[in-house]
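Grab a pencil and have the viewer open. Here are a few exercises, each with a solution to walk through.

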Amino acid sequence: MAIGKDDIEILKPRTDKREYRRIVLKNSLEVLLISDPETDKCAASMDVSVGYFSDPDGLEGLAHFLEHMLFYASEKYPLEDSYSKYINEHGGSTNAFTDSENTNYYFDVNTGGFEEALDRFAQFFIKPLMSADATMREIKAVDSENQKNLLSDAWRMRQLQKHLSMEGHPYHKFGTGNWDTLEVRPKARGVDTRLELLKFYEQNYSANLMHLVVYAKESLDKIQSLVEDKFQEIKNSDRSFPSLPGQPCTSEHLQILVRTVPIKEGNKLKIVWPITPGIHYYKEGPCRYLGHLIGHEGEGSLFYILKKLGWATGLSAGEGEWTLEFSFFKVVIDLTDAGHDHMQDVIGLLFKYIQLLPKTGVCKWIFDELSAVCETGFHYQDKIPPIDYVLNIALNMQIYPPKDWLAGSSLPSNFNQGIIQMVLDELSPDNVRIFWESKKFAGLTDLVEPWYGTAYSIEKVTTSMIQEWMSSAPNENLHLPVPNIFIPTDLSLKNPEEKVKYPVLLRKSSYSRVWYKPDTMFSSPKAYVKIDFNCPYASNSPEAQVLTAIFAQLVMDYLNEYAYYAQVAGLHYAISRTDSGFEVTVVGYNHKLRILLETVVDKIAKFEVLPDRFSVIKERVTQDYQNLKFHQPYQQAMYYCSLLLEDHSWPLMEELEVLPNIKAEDLAKFAPMMLSRAFLECYIGGNIERAEAESMIQHVENIFFKGSNPICQPLFSSQHLTKRIVKLEKGMSYFYSKEGLNPSDDNSALLHYIQVHRDDFMLNMKLQLFALIAKQPAFHQLRSVEQLGYITVLLQRNDSGIHGLQFIIQSTLKGPEHIDLRVEAFLRMFETQLYEMTHDDFKSNLNALIDMKLEKHKNLREESRFYWREISDGTLKFDRKEVEVAALKQLTQQELIDFFNQYIKVGAPQKRTLSVHVIGKEHLLGYKATKTEVSQPGEINDIFSFRRSLPLYGSFKGGSGLLKL
C-alpha cells in the first residue's frame, strides 16, 4: 500500500493530456505515476541517489561496476541476461548510467509486456544475484568501456579538471573504473571486490534513496496497484543522503592557467569559475541569464567580436557540472590558429564583456524576454519517447519539489537583480581556472594526469595579469543584444483543408517537386521545411565535394548573428552538404519561419566569398577532416563499409589531400557553376496551409530560376543523380582490412555485413524479425559470455533501399579476424536456437515487431524525418508501416527459417558477406605477421577496383523531376 498519495498539483504543459500522480510507498520509495492512454510504449526509470562520489577509497568504479552487475540475474529470475532478453523480445530497450551522485536504470517495452517487465526490473532492487561467475566478466566489460574512452578528449579533459581539485574531495575521483582499480589493486591488498560490491549494495541501495517514474497506458489507479505490488519489497534501511564537503577547489586550484595537449586537432579555451549552485535559485535563473548573455552570438556579443577578429569559431556559456554543494560556470571557446596566438586578448575581451554587465545593470527586459521564450518552450514542447521522458523526470525528483518535477529549472520567472549580481560577482579573475588545449603544446608540458595520461602544465595567473590582458585587448564595441524579433506571438493552429494521412505531391515541374503533409497528429504551432538542392556539379570530384562543404558552412557563417536570434526563439535551421549537392532545413515555430527561410535562400542566391571568412572556415573544415582519424575504430569500419558499397562516393582522404590547395577564388568560380544546374526536392510539414506551402516554394523558384539572368537552369534528364549500391556476388565472402587511422589506438573493430535484398515489404519483415530475435542472443554470447568488447551490436542496415544485417564489434582483447570467426560461430550456434524455437516464442516476437511497427510518431520532427527518408531514397512508400504489418501478419515460422537458410546461414548459397577489419595497435604485429603478398579469396586490396568489378542495384529514384506517379 502507498502511505502517501497527495494531490499536489504538478505543473504540466498546457498541451499535455497525460495524468500524473505522486505516491510514497510504505518503504519510503517516492514514485511518480504517469497515465497516457495514447502511448504505444510503457517505460520506467529508477534513480538511486548514490553514484561514484560514494566509491570506497581504492575501489574506483565500484558504483559503476554495480550498475553493470544488476543486469545479470535475480533470485526470482535466475537465468542470466533474462531481463534484457525479455525486454528485447517485447520490442523494448534497456540501459543505465552511473553519475557522480546518482545511478539511473531505465527501460521501455511494448504495452503488452509491461507488467512482467516491471516485475523483472523491480528485482534489481530487491534480490539481485550478482554471481561470482559474472563478476570477472563484468569487470572486463567495465575495463573495455574505459578503453573506449581513453582517447576521447571529452573524457580526458573532464578528468583533468577533476584531477586539479582537492585530493580528499569526491569530485577528485575517477568514476569509470578499470581492470586495475577493480581487480589488480584490490587483489594486491587482499580485498575481495565481489564482497565489497555486495557490501556497497547493502549499504547504499535503500528505498528512501530511490525515486521511481512509471509511464503506462492504464489508469493511474491500475498503475498504482501495479507499483505497490512490485516495489514494496525493496528494503528501506533509512540511509541518509550522501553529503558533500562544499567546493572542491582551494586557492591552490584557482587562478591557474593549464596548458594541455588534446588528442584531436583544434585549439580550445575553457574558462571555469566555482560558483554558488544555481539550483538554489532555479526560479531566478541567474546562470541561465548570464549564460544567455555571455554565450550570445548576435551583433555586439563577445562571440560576434571574436568571430569578426578571426579568432573563434564557436562559443558556449553556462553552468556546467553542479551539485547542491558546489557548481562551476563554464565558458568554452573554439579558437582559430590566430585566436590561439591571441589567447590573452581573448581572455581580456571575455572579462571586458563580464565587466560590461554590471555597468549596463541587470536588465529586466532581457530576463522577461528569456522567461517568455522558456515559457513558450515548456508549454509547446514536443512529446518525446516515454523512455527519455521518464529518465528526465526521475533525475529531477530528488532535486526539485513535486510541483516542478516536469519543469525542473526550465521556467525562470522571478526577476531578482541581487541574485544575478551575486553570481556575476563570482565570475572574477580572483577564482578563475583557465584550461587551454592545443596540440602546439606537445613536448612543452611537464605533468601527466594519471587515469587518461593527459599531458599538461600549470602556471599561476594573477588578477593584475588578467587586468593587463583586458587593457591590451582590442577596443571593440561590445554591447547587449537587441530585442528578439523572432519570438513567436501567433501560436494558433491552422485548419488543414483536408485531413491527409500521408504526404501529397503539391506540384511538380522541371524546377522542383513539392511534397506537403499538414499536421493532423500533434496540434503543435510548428513546421518542418526541407529543400534539397540536387546539383550535379557539387559532387563530380573530391574538389567539388570539399568546395560544397565550405560553401554550406560559409553561408551559415554569414547568417550566424542574424539567425542566432531565431535559434534562441525556438526556430532552427541548417545548411548541409549531401551526396548530390546541399540541403536547407528549417524547423520550429511556424509564425516567423518564412522570414528566416527567405533570408537563408536570399543569402545562398547572392553568395559571395569573403576571403577572411573563407580562411577561417577552410581551417575549420581542414581540422574536421584531420580529426576523422581519431574516430572510434568501429566508426572507421562503418565508413569503409559505406565507401565499398556506395558507387560515386569519394574517399575522405582524397578530399583531405585536395583541401590545402583550395583558394577563395576557386570557391568564387565554383559556387555559380554549382548552382547553374539544379533541381529542388522539397518537403513541407506541420502547421502550414497548402497555399502558404506552395507560395513559399514559388518564392524560392522565382529567386533561382526566374528573371532575365537566372541563377539556375533545370537539370537535363541525364543529370538527375542517384546513389547506387554495389551488388555483392552470391555465395561470396569479401573482406577488407585496414590499419586503424590513429596509431595510438589499441582498439580494433569488425563490421560483418550480410547483404540481403532490395526494398521489398515481405523480405524487409523477414529480415527485421530475424534481427529482433537474434539481437539479444548475439549481445549475450559475444559480449557477456565471450567478452569480445564493450561495443557489440547487431543492427539492420539500409543503404538507399538495399537492406542487410551488420554485426559491429570493437575490442582490445581480440583482433578482427578472430572476432569474424566468432560471429560465424555465433550464427552456427544460433541456427539451432532458431530451428528449435517454440511456436509461442515465434508468435511473441512477431507480435512485438507488429507493435513496434505500429508505434505512432511522437512529434513533427520524427514524422518528417520518416517521410523525408522515403523521398530521399526514392522509395516513396509513405504507407510503409501499414503494408509491412500486413505482410508480417502473413509470415510463418517456416518462412523465417527458409529466409535464414537462404540468406544468412553460414555457407548459404545465396549469402553475400562483406567484412571490414580495422586493426588497432594491440593487434598490428599479429596482422602484419600473417598478411601474405598473395591475395586470399575474397580479399579486397583496392576499394575502387572492387566497386568497378561488380554490378549495381537499380536505384529507386529514376529521374527525380520526371518520376511517374
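The exercises below go from cores to helices, then to a sheet and one loop residue.

Before you start: this is a predicted model, where local features need pLDDT of at least 70, side-chain atom pairs count only at pLDDT 80 or more, and totals for chains, interfaces and linings use all residues. Numbering starts from 1 along each chain as its sequence is written, and side-chain values use heavy atoms, with hydrogens and water left out.

**Exercise 1.** Find the largest nonpolar core and say which helix gives the largest share of it.

*Solution.* Start with the term: a nonpolar core is a set of buried Ala, Val, Leu, Ile, Met, Phe, Trp, Tyr and Cys residues joined through side-chain atoms within 4.5 Å. Buried means under 20% relative accessible area, exposed over 50%, partly exposed in between (1.4 Å probe, protein chains only). The largest core has 68 residues, and F582, I604 and L667 have the most contacts inside it. Helix α17 (residues 542-568) supplies the largest share, 13 residues; helices (H or I, at least four residues) and strands (E, at least two) are DSSP runs, numbered from the N terminus. Now click on L667: beyond residues up to four places away in sequence, L667 touches L547, I550, F551, L554, F607, V609, F614 and P672, where contact means heavy atoms within 4.5 Å.

**Exercise 2.** Work out how α1 and α7 pack.

*Solution.* Take the angle and the distance: α1 (residues 62-69) and α7 (residues 193-204) pack at about 85°, with axes 10 Å apart. Axes are lines fitted to C-alpha atoms, for helices over the stretch in contact, and angles run from 0 to 180 degrees between N-to-C directions. That makes α1 roughly perpendicular to α7 (65 to 115 degrees; under 35 is roughly parallel, over 145 roughly antiparallel, the rest oblique). Next, the residues: L62, A63, F65, L66 and M69 of α1 meet T193, E196, L197, F200 and Y201 of α7.

**Exercise 3.** Which strands stand at the edges of the 6-stranded open sheet?

*Solution.* Write down the order, β15-β16-β20-β17-β19-β18, with mixed pairing; two strands pair if DSSP finds at least two bridges between them. β15 (504-508) and β18 (571-578) are at the edges, each with a single partner strand, so one side of each has no neighbour in the sheet. Further in, β17 (residues 526-534) and β19 (residues 581-589) run antiparallel, joined by 9 bridges.

**Exercise 4.** Is S580 buried or exposed?

*Solution.* First place S580: the loop between β18 and β19. At 14% relative accessibility, S580 counts as buried. Its contacts beyond four places in sequence are D532, F533, N534, C535, S539 and L721.
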